[in-house]
Amino acid sequence: MTKELTTSSDLPSDETSDLTADDPQVVNTNCGFVTVLGAPNAGKSSLVNALVGTKVSIVSPKVQTTRTRVTGILAVDQDQIVFVDTPGIFRSAKRPLEQSMLDRAWQEANDGDRLLLVIDAAPSRLSDDVEHIIERLGQEGRKATLVLNKVDLVSPDKLLPLAERLDATGLFEKIFMVSAKTGSGLAELEAHLRAGLAPSPWLFPEEEVTDMPNRLLAAEITREKLFLRLHQELPYNLTVETENWQMAKDGSIRVEQVIYVTRDNHKAIVLGKGGSAIKQVGASARHELQELFARRVHLFLFVKVRENWMNDPERYRQMGLTLRS
Ligand SMILES: Nc1nc2c(ncn2[C@@H]2O[C@H](COP(=O)(O)OP(=O)(O)OP(=O)(O)O)[C@@H](O)[C@H]2O)c(=O)[nH]1
Ligand SMILES: [Mg+2]
């Protein structure tokens with residue numbers, strides 16, 4: 001797992017004089033961005049986490065869990081892949097938050113070196129959202145690698161017709177059948193992506209698994225616990241921000257976060273009877289933060305009603321999104 005740079009002793013003697021290990025001409029590493037695109041709930045974040053080998057992106061059984069660009073970085077031998085997880089794409093966004101999420105996903109689709117389209121292979125037919133993505137990629141003349149995910153839920157005789165139908169679109173240079181849950185097919189996918197990398201210096205240090213700031217990562221973890229616990233429209237009407245992040249002298253971290261909700265009754269539900277709900281969310285988020293940062297974490301959660309947060313550009317900026325004007 002070492003970063004192999006050609007040293008001057010590997011080069012013909014007459015070329016060695018001016019070259020250093022930082023010179024692009026002597027770098028023998030590979031690196032690239034892979035944008036992971038797909039409809040909501042396809043398993044994009046699960047796939048990125050499985051490929052990176054660390055949980056960098058939050059996951060829930062609900063749609064629209066991921067709201068912004070989340071990177072997961074894989075470094076193996078001389079190769080570094082920066083996976084860019086994106087919000088699930090759906091046909092029609094109604095609310096400003098949904099619009100910003102869609103803008104973000106399509107923007108990332110245009111920015112990456114390579115596109116990975118993740119489709120949930122479990123349903124018997126392609127959803128409208130998937131048809132919409134395929135249509136748009138086709139119109140834009142984009143090519144992608146197709147990942148049929150959740151194959152652990154499908155019998156092989158159903159997979160083949162689906163793969164053939166998608167292959168007929170002409171969009172996909174290669175099709176992989178994987179399960180982010182069991183890990184099946186991931187080694188082949190990884191090998192394919194690594195083989196397609198361009199020679200380039202690494203963009204991140206070897207041990208880095210994401211470029212997300214700790215504050216955002218921590219807010220996402222709390223949001224995941226809220227998504228797992230709350231139902232109906234409530235998860236979609238809240239946002240979490242880390243307001244304070246302090247390292248104490250004893251090495252522990254003090255994290256203060258605000259959960260913004262839009263209505264008083266939402267605040268009551270988030271708090272639960274006698275604060276029982278928020279206590280559980282806090283305990284579960286704190287536990288995960290402690291594992292992630294390998295130190296003691298003191299987590300303080302506050303719930304604030306801010307009716308209009310979904311029209312406040314600052315709330316979007318905190319999430320790494322832009323509110324359309
Ligand atoms: N059985 C099975 N479940 C999976 C697999 N991959 C993901 N899931 C589940 O599918 C659900 C959605 O997974 P996510 O990774 O959050 O999906 P996503 O595409 O990132 O969703 P959004 O961020 O909402 O667009 C979760 O309940 C996952 O546990 C898989 O390979 N097999
Ligand atoms: Mg996601």
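What radius of gyration would a compact globule of 325 residues have, and what value does the protein chain have? A compact globule with 325 residues would have a radius of gyration near 20 Å, and the protein chain has 22 Å, which agrees; the radius is taken over C-alpha atoms, and the globule rule is 2.2 Å times the number of residues to the power 0.38. This is a predicted model, in which local features need pLDDT of at least 70 and side-chain atom pairs count only at pLDDT 80 or more, whereas totals for chains, interfaces and linings use all residues. Residues are numbered from 1 along each chain as its sequence is written, chains are lettered from A and ligands numbered from 1 in the order in which they are written, and side-chain values use heavy atoms, with hydrogens and water left out.

**Overall fold**

- The protein chain has 9 helices and 10 strands, taken as DSSP runs numbered from the N terminus (helices H or I, at least four residues; strands E, at least two).
- Along the principal axes, the C-alpha atoms of the protein chain fill a box of roughly 75 × 55 × 40 Å.
- Of the 325 residues, 50% count as buried, that is, under 20% relative accessible area with a 1.4 Å probe, protein chains only.
- Among contacts (heavy atoms within 4.5 Å) between residues at least 6 apart in sequence, 70% join residues at least 24 apart.

**Magnesium site**

- The protein donors of the magnesium ion (ligand 2) are Ser45 (OG) and Thr66 (OG1), at 2.0 to 2.1 Å from the ion; donors are N, O and S atoms within 2.8 Å of the metal (3.2 Å for Na, K and Ca), and sites may look incomplete because water is not among the atoms.
- The pair links distant parts of the chain, 21 residues apart: Ser45 belongs to helix 1 (residues 44–52), and Thr66 to the loop between helix 1 and strand 2 (70–76).
- Ser45 is buried at 8% relative accessibility, and Thr66 is buried at 6%.

**Sheet of strands 8, 9 and 10**

- These 3 strands form an open sheet in the order 8-9-10 with mixed pairing, where two strands pair if DSSP finds at least two bridges between them.
- Strand 8 (239–247) and strand 10 (297–305) stand at the edges with a single partner strand each, so one side of each lacks a neighbour in the sheet.
- Strand 8 and strand 9 (residues 253–261) run antiparallel and are joined by 8 bridges; Met247 stands opposite Ile253 in strand 9.
- Helix 6 (residues 214–229) packs on the sheet, touching strand 8, strand 9 and strand 10.
- Helix 8 (residues 276–293) also packs on the sheet and touches strand 8, strand 9 and strand 10.

Key
Axes are lines fitted to C-alpha atoms, for helices over the stretch in contact, and angles run from 0 to 180 degrees between N-to-C directions.
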